[in-house]
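Trainee: I have just opened this one and would love a guided look. Could we go through it together?

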Amino acid sequence: MTDLDVAMICPKCDSRDVALVHVAYSKSVRGSEWGISESDFAYILRPPEEHSVIFWPLIIGTLAFLVAAGMYLLMGDIVGTPRNFLDEQTRSTAFRLGRWAFSTTAAIRCLLAIRFNLYRFPHQFEFWKNQVVCHRCSHQFPSTRLATFQQKTGVNS
Ligand SMILES: [Zn+2]
């Protein structure tokens with residue numbers, strides 16, 4: 001779809017000062033290369049990103065490790081049989097539990113990231129590519145092909 005296919009008018013304020021989001025985005029990012037800091041505007045218009053298959057699974061997996069091991073070590077307070085970190089068996093059981101929590105959580109997050117990147121991301125990116133932004137009121141709306149626009153409004157130009 002080119003710019004010319006798009007009905008270039010804002011449904012909110014009727015301004016014709018609108019642009020495809022990805023065009024406006026690359027313009028404002030190019031501006032930042034000239035020493036102008038990337039504006040809030042560019043931030044709002046930024047494209048969707050793929051999820052990291054490694055980074056977040058590792059972070060969340062590590063958290064799961066700490067939580068599982070920590071909960072096991074505190075278990076003594078809950079069930080009444082005291083367990084402490086000096087006890088060799090408690091330490092190794094806590095570690096095994098933590099490692100299990102880590103690998104399970106990391107594997108699940110990894111699969112979720114892959115699923116997102118394969119199935120959801122392309123749709124989000126396609127949606128982003130077709131969004132139009134109004135320079136006057138910042139309203140974002142899906143682009144309408146000119147033919148559809150004319151059909152709806154009965155305008156032939
Ligand atoms: Zn507008």
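Mentor: Happy to; what follows is a short round of questions and answers on this model, which is a predicted one.

Trainee: In what order do the helices and strands run from the N terminus on?

Mentor: Start with the tally: the chain has 5 helices and 3 strands. Following the chain from its N terminus, the elements run β-α-α-α-α-β-β-α.

Trainee: What is the order of the strands in the sheet?

Mentor: Let's build it from the pairs. β1 is joined to β2 by 3 bridges, antiparallel, and β2 also pairs with β3 in the antiparallel sense over 3 bridges. Put together, the open sheet has the order β1-β2-β3.

Trainee: Why is one side of β1 and of β3 left without a neighbour in the sheet?

Mentor: Think of the order again, β1-β2-β3. β1 and β3 (140-142) each have a single partner strand, so one side of each has no neighbour in the sheet; the reason is that both stand at the edges.

Trainee: Which residue is the bridge partner of valine 18 in β2?

Mentor: Valine 18 belongs to β1 (18-20), and β2 covers 131-134. Across that pairing, the partner of valine 18 is cysteine 134.

Trainee: And which residue of β3 stands opposite valine 132?

Mentor: Here we look at the pairing of β2 with β3, which is antiparallel. In that pairing, glutamine 131 has proline 142 as its bridge partner. Opposite valine 132 stands phenylalanine 141.

Trainee: Which residue takes a positive phi in the hairpin of β2 and β3?

Mentor: Look at the link between these two strands, which has 5 residues. The phi near 65 degrees there belongs to serine 138.

Trainee: Which elements give two or more residues to the largest nonpolar core?

Mentor: That core has 10 residues, including Val18, Leu20, Val21, Ala24, Val132 and Val133. In general, nonpolar side chains in soluble globular proteins tend to be buried together. Matching the core residues to the elements gives β1 (18-20), α1 (21-33) and β2 (131-134).

Trainee: How many residues are in the second, separate core?

Mentor: Among its members are Phe65, Ala69, Ala94 and Phe102. Counting the whole of this second core gives 8 residues.

Trainee: Which residues does tyrosine 25 touch, not counting those up to four places away in sequence?

Mentor: Tyr25 is one of the residues of the largest nonpolar core, and so is Leu45. Leaving out residues up to four places away in sequence, tyrosine 25 touches Ala42, Leu45, Arg46 and Pro47.

Methods
Residues are numbered from 1 along each chain as its sequence is written. This is a predicted model: local features need pLDDT of at least 70, side-chain atom pairs count only at pLDDT 80 or more; totals for chains, interfaces and linings use all residues. A nonpolar core is a set of buried Ala, Val, Leu, Ile, Met, Phe, Trp, Tyr and Cys residues joined through C-beta atoms within 7 Å. A residue is buried if 20 or more other C-beta atoms lie within 10 Å of its own, exposed if 12 or fewer, and partly exposed in between; C-beta atoms are placed from the backbone. Helices (H or I, at least four residues) and strands (E, at least two) are DSSP runs, numbered from the N terminus. Two residues are in contact if their C-beta atoms, placed from the backbone, lie within 7 Å. Two strands pair if DSSP finds at least two bridges between them.
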